[in-house]
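The following paragraphs lead through one protein chain, from a charged pair outward to the whole. Have the sequence and the coordinates at hand while reading.

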Amino acid sequence: MGDFNLALVIVAIVVCIIVFLFNIYLLVNYQHPDDKNQAYFPKFVVVLGLFVAAISILMLPADVANRQACRHAIYNGACNLTLPMKDLWIAVYIVDAVLVFFIIPFAMFYYEGDQDKSVAKRIKSALLWVITTAIVCGLVLGILYGLVGKVDFTVRHLSSTTTTFPSTWEFSRNQPCIGSSARECSAYLANASSEKTWTMRATFPEYVVALATIVGSVLFAIFGGVGIACLPLGLIFSFIRRPKAVITRSQYIKEATELGKKARELKKAADVLHQEERSGNKGRKWRKNVKAVEKELLQLEEDVKLLEEVYPQGEKAETSWALTVLGYLAKLVLGILGLIVSVAWVAHIIIYLLIDPPLSPFLNEVFIKLDDIWGLLGTVAFAFFCFYLLLAVIAGAMMLGLRLVFITIHPMKWGATLMNSFLFNVGLILLCSISVIQFCATAFGYYAQATAAQEIFGHTLQSLRGIKYLYKYNVFQIAFVVLAGLTFVYYAAFGWRRKKPSGRFQLSS
């Protein structure tokens, strides 16, 4: 057992280092050129936020492995030698909440502040916005907690008759209770009138976590449902729409001239908008024009990237084209593997969560059998499925780069993502990560039983007054499956088409 615990600690340390390095890799490759060698505080927040989101997801399989570390212990207190998972869960939740509701908003307000102001004034302005937002949110939460911050548990009063203590014990599936005449427990046959509602007030921290989980569950159902389909299908159809060959030099000159002309027009428009900003003319028309210019700029950057891809230059042009081809082949392979995992996820949700009683434990049983082969093999597979769900949420958030109801989702572009968009998406991922954990703990409840995560979530969330019906009728799971199906139909109908630029100048087909 000691060797198992040591291996678990070593694996946890190695995973933390890998996740940290991968987050830095994402930041370096996704950041906009304008943010290079500056905006260090927002970058630190981005790396920290992604680290917390990834680690929080991977902590659930670590919790399962931690439970197995003392499964075969022969003395009391053996589990005290394992990782303190409950304390780690609470610490992660606190850091998650602080980042989402305080640090990330402050970093966004600071980054978007007037660059002409001093650092002290930008910090003061960001603090005022964060404090104001915190006061408003605190008042709303306090009012809601005072009005409906209660938990309604459905309990049943059970009783049964007594019988003589038997000399032998004979239990089976057909006779689960003591006594030869009683084939079912008397308590089990209690009528419906024995059901009562036990009401108690939830603690304020529990209520805040529950509401945050609800908000995260809404985002998770949208982004996760879309992402579970678009993550593998996007890779597959990216291979289908790939450029089949390089263009000629004359085609390249023609397209580059058009893009240069568009770039000059955008620069002229940006200069006019900057002059209007300095003069204080920042009305609705000005904001509309700013968004239009930003949209055209993103499209221009995408066109330039596509042009460089179909006409590689330099001494290693042939090598660059070969790597491009290999990249698209890798997307095809990863897309096929991802499609298998996505189908398994959707099938598991339908079989184990939506159908009552479940038709089969399905993936739960797969993980248990893998554990029988090797102690951590099932845990690794479990971690992969949980982390894949977080990747699906990220993919869905990146795909929905448009106005969604009342908020604007900042698009993520490779090599063209500003820090405010980075911070916004990291906040969404952190908010969704709590719901991903709760969803995985529910979906794999048979495999992840008796863990610290299940102890924390418990039945409080499912019994909270006003929102318990969302869980009782599986609203989030149904929305997840429906959106996944609609996204699959969308890709089947339109995904094979070559994506055309929406800007004024288009690349020749």
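Lys-262 has a relative accessible area of 3% and is therefore buried, in a model that is predicted. Its partner in a salt bridge is Glu-296, and the closest N and O atoms of the two are 3.1 Å apart. Glu-296, at a relative accessible area of 27%, is partly exposed; it lies above the 20% under which a residue counts as buried. The bridge joins distant parts of the chain: Lys-262 belongs to helix 6 (residues 249-278) and Glu-296 to helix 7 (residues 284-310), with their positions 34 residues apart in sequence.

How many salt bridges are there by this rule? The count is three. Another of them is also found in helix 6, where Lys-267 and Asp-271 lie four residues apart, about one turn of the helix. The closest N and O atoms of Lys-267 and Asp-271 are 3.4 Å apart. Lys-267 has 55% relative accessibility and so counts as exposed, the cut-off for that being over 50%. Asp-271, at 38% relative accessibility, counts as partly exposed.

The bridge between Lys-369 and Glu-365 has its closest N and O atoms 3.7 Å apart. Both residues are in helix 9, and because they are four residues apart, about one helical turn separates them. An α-helix has 3.6 residues a turn, so residues three or four places apart point the same way. Lys-369 is exposed, with a relative accessible area of 52%, whereas Glu-365, with 34%, is partly exposed.

Helix 9 (residues 363-373) also has a buried side. Which residues of helix 9 are buried? They are Leu-363, Asn-364, Phe-367 and Asp-371. Looking down the axis of helix 9, the buried residues fall within an arc of 110 degrees, so they line one face of the helix. The face turned away from that buried side carries the exposed residues Lys-369, Asp-372 and Ile-373. Lys-369 thus appears both on this exposed face and in the salt bridge with Glu-365.

From charged groups the account turns to nonpolar ones. In soluble globular proteins, nonpolar side chains tend to be buried together. In this chain the largest nonpolar core has 76 residues, and those that touch the most other members are Trp-89, Ile-228, Trp-345, Phe-382 and Leu-389. Helix 11 (residues 419-443) supplies the largest share of this core, 17 residues. Trp-345 shows how separate stretches of sequence come together: leaving aside residues up to four places away in sequence, Trp-345 touches Ile-228, Phe-385, Tyr-388, Leu-389, Phe-439, Cys-440, Ala-443 and Phe-444. Two of these contacts, Ile-228 and Leu-389, are themselves among the residues that touch the most other core members. Apart from this core lies another, of 13 residues, including Ala-202, Ala-210, Ile-467 and Phe-476.

What do the totals for the chain add to this picture? The chain has 14 helices and four strands. Of its 509 residues, 39% count as buried. When contacts between residues at least 6 apart in sequence are considered, 81% of them join residues at least 24 apart. The salt bridge between Lys-262 and Glu-296, 34 residues apart, links such distant parts of the chain. The chain exposes about 29700 Å², and carbon and sulfur atoms supply 66% of that area.

Notes. Residues numbered from 1 in each chain as written. Predicted model: local features only at pLDDT ≥ 70, side-chain atom pairs only at ≥ 80, totals over all residues. Heavy atoms only, no water. Core = buried A, V, L, I, M, F, W, Y, C linked by side-chain atoms within 4.5 Å. Buried < 20%, exposed > 50% of the residue type's maximum accessible area, 1.4 Å probe, protein only. Helix = DSSP H or I, 4+ residues; strand = E, 2+ residues; numbered from the N terminus. Contact = heavy atoms within 4.5 Å. Areas by Shrake-Rupley, 256 points an atom, 1.4 Å probe, with all protein chains shown as cover. Arc of directions from axis to C-beta. Salt bridge = Lys/Arg side-chain N within 4 Å of Asp/Glu carboxyl O.
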